[in-house]
Amino acid sequence: MNAFTCSLKTLARDKSTTAWAFLFPLVLCSLFYIAFTGLDDAMGQPVDVVVVDDAAYRAAPGLSETVDAVSSGDDQWLVVKYAPNAKEADHLVAHGDGKYYGYLAVSPSGEVEYHRDWRERPGLDAGNEVVAAVVDSYLQTAAFIAAHPGATVAQAPEFTKAVQLTANPPSDEVRYFYSALGFATMMVSIFATTGVARLRSGRSHVGARIAVGGLPRYRVLAPTVGAAYVLAFGTLVIGLVYVRYVLGVEFGGRETGILAILAVGAAATTAFGAAVAVLPLASGALMGLSAGISCLLSLFAGLYGPGSQELADSTAEAAPWFTWLNPAREMYDAFFSVYCYDSFDQAALILVRLALLALVLFGLAAFGMRRLRHEHI
Amino acid sequence: MTDQSPVVEVEDLVKRYKEVVALDHFDLRIAQGEIFGLLGPNGSGKTTAINCILQLLTYSKGSVKLWGEPMTPTSYDLKRRIGIVPQQVAVMAELTVRENIDYFCSLYVAQAERRRELVDQAIAFVGLGEFASFRPKKLSGGLARRLNIACGIAHQPELIFFDEPTVAVDPQSRNAILEGIRGLARDGATIVYTSHYMEEVEQLCTRIMIMDHGRSVAVGTAAELKAATGIGERVEVELDIADDAALAAILNLPNTQQATLEGSTLRVDCARGSQNLGDVLGALDAVGVGYGRVYSEPPTLNDVFLELTGTELRD
Ligand SMILES: Nc1ncnc2c1ncn2[C@@H]1O[C@H](COP(=O)(O)OP(=O)(O)O)[C@@H](O)[C@H]1O
Ligand SMILES: [Mg+2]
């Protein structure tokens, strides 16, 4: 058995490593699935809203046409109930037993306002996002009409484009599974941490034994890191297959792009795991450290939902370089750029940055592992 | 490198762990084909010496040469000729017995085909045939130590370090291990064997170094060590009656180093001599004290150790 198969076998059979790197993200994906499939159903259903049909509403250029367009046909987004004034609309929402998500009204100054119902209900956020998307698309249309005097909504081909600015409108569901995949990619770093930590001559009996063996350092380190990478990427592929085919989540035909991102991302996090393994700590502590940093970086990548997203965005604004050092964030961005845009250019740029990060981290790990002799063992 | 070069040549090695001086100007020369014993109590520096020789530890002073060549952390040509059986069982918990031996052998032998043969031989050598597909956790202490040995010797090294391979091992496994080591030496390997069990070292080793506090106290064959210290046998006699006159007569003998009377048991430590037992019994006859059973025990390495260091070797 050579160093590669040995690492492959030992890591795959190491229960705590596989639990953290493999089962944990899989369980997480399943939990997301349970939590968000209800939400996705809400996304598929038209949303009940009240629209204040007054003079201001009719005066807003293109608004009534937009509302008509999205509240009819196959691809119906809204089910509209008209009210003559705001008071009536408010009454309908308040006493509609949660039927209406809120009401749309145009202020005397001509601004479109959405008054949402704040009471909790299943799918509330998703429903409100649908209304927000409609308002957004209207504002785009309005801007088009303003720029092209005399144009009507029917003549504005951008209208449909405006609703689907992106190649695939991101659904909440897909976003959460991207988060899960990003998080899983961080967690699979544990394979490299466990594998490399075992090679340390100063802190592991097996490591000392390997160090006095007849193989140069790189002939031991490289196969181990290689095996850790194969397991990391393999785990992610299984995870992707599970989410795509077992849970049946659609990724808009971008599976190849996602695979490419997982391949580069796994290299970066494997390098990260290897670099953690050369820190002067006990082996058990290293695995905890890898998992801990993975969770922390995922937090700063906004992988835990809206709160975490805000933190991630403000961090990215304050310190853009931190984004480049955070594989979780880079992967999340890359997922979105392949999902939303037809071109792969932006994702490619991110992948190049990730690959560079991987090289630097591998370098650090190799540097830390070159030492064979220690003060004490 | 010449034929006369010692296999191991350590000069003036000094190793400190913070305040503790683990090796104190330590010298060691081991020739081709020897079974060399490093005998010393726990903490005397045996493991430290091996780890310095293998370049696992830094040291503040001294030189290490193997087969006449300086040993460095990257001397892979030298490392390939060495086998090591560490004090702790150091194997992969996730691999079976066979996989473990194969893996550690792969650090020395690249061809899988050749390795298969070597692994088979090693498994047979340590008698783990029926346990080949077991994980280490399933093995008893003695069997795990045998696996530890197999992992160190499968690649048929020319120089093998055994660091206390028989600690916490049942007598049956222990005898198998000792017999195995003799076999390796017969096949031409040079052996370095550390232990704090003097009987073992005395039985097994062709030459012995007694270590204490990181220093070499004495080096030689067991017989040479005993001869050098001038201690003779210990005579034990069951007297018919406890008689102080008998003790006085014994203490008067020229070769008596120490004599005690405990109940009716008389113990006499003699200096080296050919007549000791006869002299003791003659003296008893002279004072008219009858006796029953008589034992005479040749000196042990423990006596040598006591003589040289003033402390007992046994824990
Ligand atoms: N890692 C360490 N840190 C500090 N002192 C140590 C360390 N390892 C060994 N020592 C000390 O060095 C001395 C020699 O230890 P060691 O070589 O293990 O002895 P032996 O193998 O003969 O039992 C002892 O006093 C021991 O306490
Ligand atoms: Mg020791």
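Where in chain B is B:His196 found? B:His196 sits in the loop between strand S8 (190-195) and helix H7 (198-204) of chain B. Keep in mind that this is a predicted model. Besides that histidine, the points below take in a magnesium ion with its protein donors, the contact between chain A and chain B, and a quick look at the cysteines.

**The loop histidine**

- With a relative accessible area of 11%, B:His196 is buried, because the cut-off for that label is under 20%.
- Its side chain has a partner: the side chains of B:His196 and B:Glu164 make a polar contact at 2.9 Å.

**The magnesium site**

- Which protein atoms are the donors of the magnesium ion (ligand 2)? They're OG1 of B:Thr47 and OE1 of B:Gln87, lying 1.9 to 2.3 Å from the ion.
- B:Thr47 belongs to helix H1 (residues 46-53) of chain B, while B:Gln87 is in the loop between strand S6 (82-85) and helix H3 (97-106) of that chain, so the pair ties together parts that are 40 residues apart in sequence.
- Buried or exposed? B:Thr47 comes out as partly exposed, at 26% relative accessibility, and B:Gln87 is also partly exposed, at 27%.

**Where chain A meets chain B**

- Chain A puts 28 residues into the contact and chain B puts in 36 residues.
- About 3,000 Å² is buried between chain A and chain B, and carbon and sulfur atoms give 60% of that area.
- On the chain A side, the residues losing the most area to chain B are A:Met1, A:Arg209 and A:Arg373, which together make up 28% of what that side buries.
- As for polar links, there are 16 residue pairs in polar contact between the chains (both at pLDDT 80 or more), and the salt bridge count is 3.
- One of the salt bridges joins A:Lys9 to B:Glu99, with the closest N and O atoms 2.8 Å apart.
- Helix H1 (3-13) and helix H10 (205-211) of chain A each supply at least two residues of the side that touches chain B.
- H10(A) gives the largest share of that side, at 6 residues.

**Cysteines**

- How many disulfides does a search of the whole structure find? The answer is 0 over all chains.
- For context, a disulfide is a covalent bond between the sulfur atoms of two cysteines.
- B:Cys205 is buried, at 10% relative accessibility, and B:Cys270 is buried too, at 3%.

Key: Residues are numbered from 1 along each chain as its sequence is written. Chains are lettered from A and ligands numbered from 1 in the order in which they are written. This is a predicted model: local features need pLDDT of at least 70, side-chain atom pairs count only at pLDDT 80 or more; totals for chains, interfaces and linings use all residues. Side-chain values use heavy atoms; hydrogens and water are left out. Donors are N, O and S atoms within 2.8 Å of the metal (3.2 Å for Na, K and Ca); water is not among the atoms, so sites may look incomplete. Helices (H or I, at least four residues) and strands (E, at least two) are DSSP runs, numbered from the N terminus. Buried means under 20% relative accessible area, exposed over 50%, partly exposed in between (1.4 Å probe, protein chains only). A disulfide is a pair of cysteine sulfur atoms within 2.5 Å. Contact means heavy atoms within 4.5 Å. Buried area is the accessible area (1.4 Å probe) that two parts lose on being put together, summed over both. A salt bridge is a side-chain nitrogen of Lys or Arg within 4 Å of a carboxyl oxygen of Asp or Glu. A polar contact is a pair of N or O atoms within 3.5 Å; within protein, one must be able to donate a hydrogen and the other to accept it, and residues adjacent in sequence count only if both atoms are side-chain atoms.
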